[in-house]
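Here is a set of exercises to work through with the structure open beside you. Try each task before you read its solution.

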Amino acid sequence: MEEIGKNESIRVLIDTDGVVVAEGDIDLAGGPILDTALLRVENTEPTTIDLAAVEFIDSSGLRSLLAASRRAEERGTHVILRSPSAGVLRLLSITGTTDQFHVTGVAADGADR
Amino acid sequence: MTTADTGPVTLTIPPEVAMVRVGRLTASSIASLAEMSVDDIDDIKIAVSEMITLLIQSGQRTAITLRFETSASTFTVEASTPSVAQNLGRNDIALATAVLDAVADDHEIAFTDDRLMMRIVKNITTAATASA
């Protein structure tokens, strides 16, 4: 695993298969680090993001995922969200963006309260 | 315990992205004191995160003060900041509004006199009221 970056919100790694692994919160602070990792793996098709350890996401984090989806679509591929928590799934649902991704696996929800 | 007993809680934060988490966890703690349900606390965390994000993105790099108030039936968060509305993209507001529509029972986003004012209200569902 290569660590791409981390701060108080998030830690983002890329594993040996080119999967982007996010841990923590994807918010205004975490989104830019995720963006950096996603841009690094865009030669990998499809782009896979492991969200099993993501405890929180808001619309600024969702924008990072949607931007990756748009770029993938332009390349004729797609983004796989692997093991999203219930919180991630809920945000996709309430914003009507679930169809923008291929979702695989469901993790137990982790909350940061 | 609600802030009807203690008075409202105010939190002033610098307009830094790291402070979104601070505001979110403060809201979560106050909601927990008010004995809100787990689902409602999750909603409050999302709503406050959206609120602070918009205030930081539209603001003029000045401190942001949030006011948290709980009663027996509602959790209200209010905040405003001097702002530049043009700093916000239409898509940013639309996505945040879609989220707030889902997680808050009422919300208001208003640009007035070069300020952005936001208010969110969440009805309190405790374990007791949910089973009633």
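**Exercise 1. Sort the side chains of strand S3 of chain B by face.** Which residues along S3(B) are buried, and which are not?

*Solution.* Start with the cut-offs: a residue is buried if 20 or more other C-beta atoms lie within 10 Å of its own, exposed if 12 or fewer, and partly exposed in between, with C-beta atoms placed from the backbone. Next, walk along the strand. B:Phe75, B:Val77, B:Ala79 and B:Thr81 point to one face and are buried. B:Thr74, B:Thr76, B:Glu78, B:Ser80 and B:Pro82 point to the other face and are not buried. Finally, the background: in a regular strand, side chains alternate between the two faces of the sheet.

A note before you go on: this is a predicted model, in which local features need pLDDT of at least 70 and side-chain atom pairs count only at pLDDT 80 or more, while totals for chains, interfaces and linings use all residues. Residues are numbered from 1 along each chain as its sequence is written, and chains are lettered from A and ligands numbered from 1 in the order in which they are written.

**Exercise 2. Find the neighbours of S3(B).** With which strands does S3(B) pair, and in which sense?

*Solution.* Helices (H or I, at least four residues) and strands (E, at least two) are DSSP runs numbered from the N terminus, and two strands pair if DSSP finds at least two bridges between them.

1. S3(B), residues 74-82, is joined to S2(B) by six bridges, and the two run antiparallel. B:Arg67 stands opposite B:Glu78 here. The two strands form a hairpin with three residues between them.
2. S3(B) also pairs with strand S5 of chain B (residues 115-123), in the antiparallel sense over nine bridges. In this pairing, B:Ser80 has B:Met117 as its bridge partner.

**Exercise 3. Do the same for S2(B).** Which residues of strand S2 of chain B lie on its covered face?

*Solution.* S2(B) covers residues 64-70, and its covered face holds B:Ile64, B:Leu66, B:Phe68 and B:Thr70. The uncovered face holds B:Thr65, B:Arg67 and B:Glu69. Now add the partner: strand S1 of chain B (residues 9-13) pairs with S2(B) in the antiparallel sense over five bridges. There, B:Phe68 is the bridge partner of B:Val9.

**Exercise 4. Describe chain B as a whole.** How many helices and strands does chain B have?

*Solution.* Count five helices and five strands, which follow the pattern α-β-α-α-β-β-α-β-β-α along the sequence. For overall dimensions, use the radius of gyration, taken over C-alpha atoms, and the globule rule, 2.2 Å times the number of residues to the power 0.38. A compact globule of 132 residues would have a radius of gyration near 14 Å, and chain B agrees with its 14 Å. Its C-alpha trace spans about 45 × 30 × 25 Å along the principal axes, and 39% of its 132 residues are buried. As for confidence, the mean pLDDT (the predictor's confidence in each residue, from 0 to 100) of chain B is 89, and 92% of its residues reach 70 or more.

**Exercise 5. Trace the sheet of chain A.** What is the order of its strands?

*Solution.* Chain A has three helices and six strands. An open sheet of six strands has the order S1-S2-S3-S4-S5-S6, with mixed pairing. Its edge strands are S1 (2-6) and S6 (102-104), each pairing on one side only. One pairing to check is S5(A), residues 79-82, with S6(A): this is parallel, over three bridges, and A:Leu81 has A:Val103 as its bridge partner.

**Exercise 6. Examine the interface.** Which helix of chain A gives the most to the side that touches chain B?

*Solution.* Two residues are in contact if their C-beta atoms, placed from the backbone, lie within 7 Å. By this rule, 17 residues of chain A are in contact with 19 residues of chain B. Helix H2 (59-74) and helix H3 (86-94) of chain A each supply at least two residues of the chain A side, and H2(A) gives the most, with four residues. To close, the model scores ipTM 0.86 and pTM 0.89.
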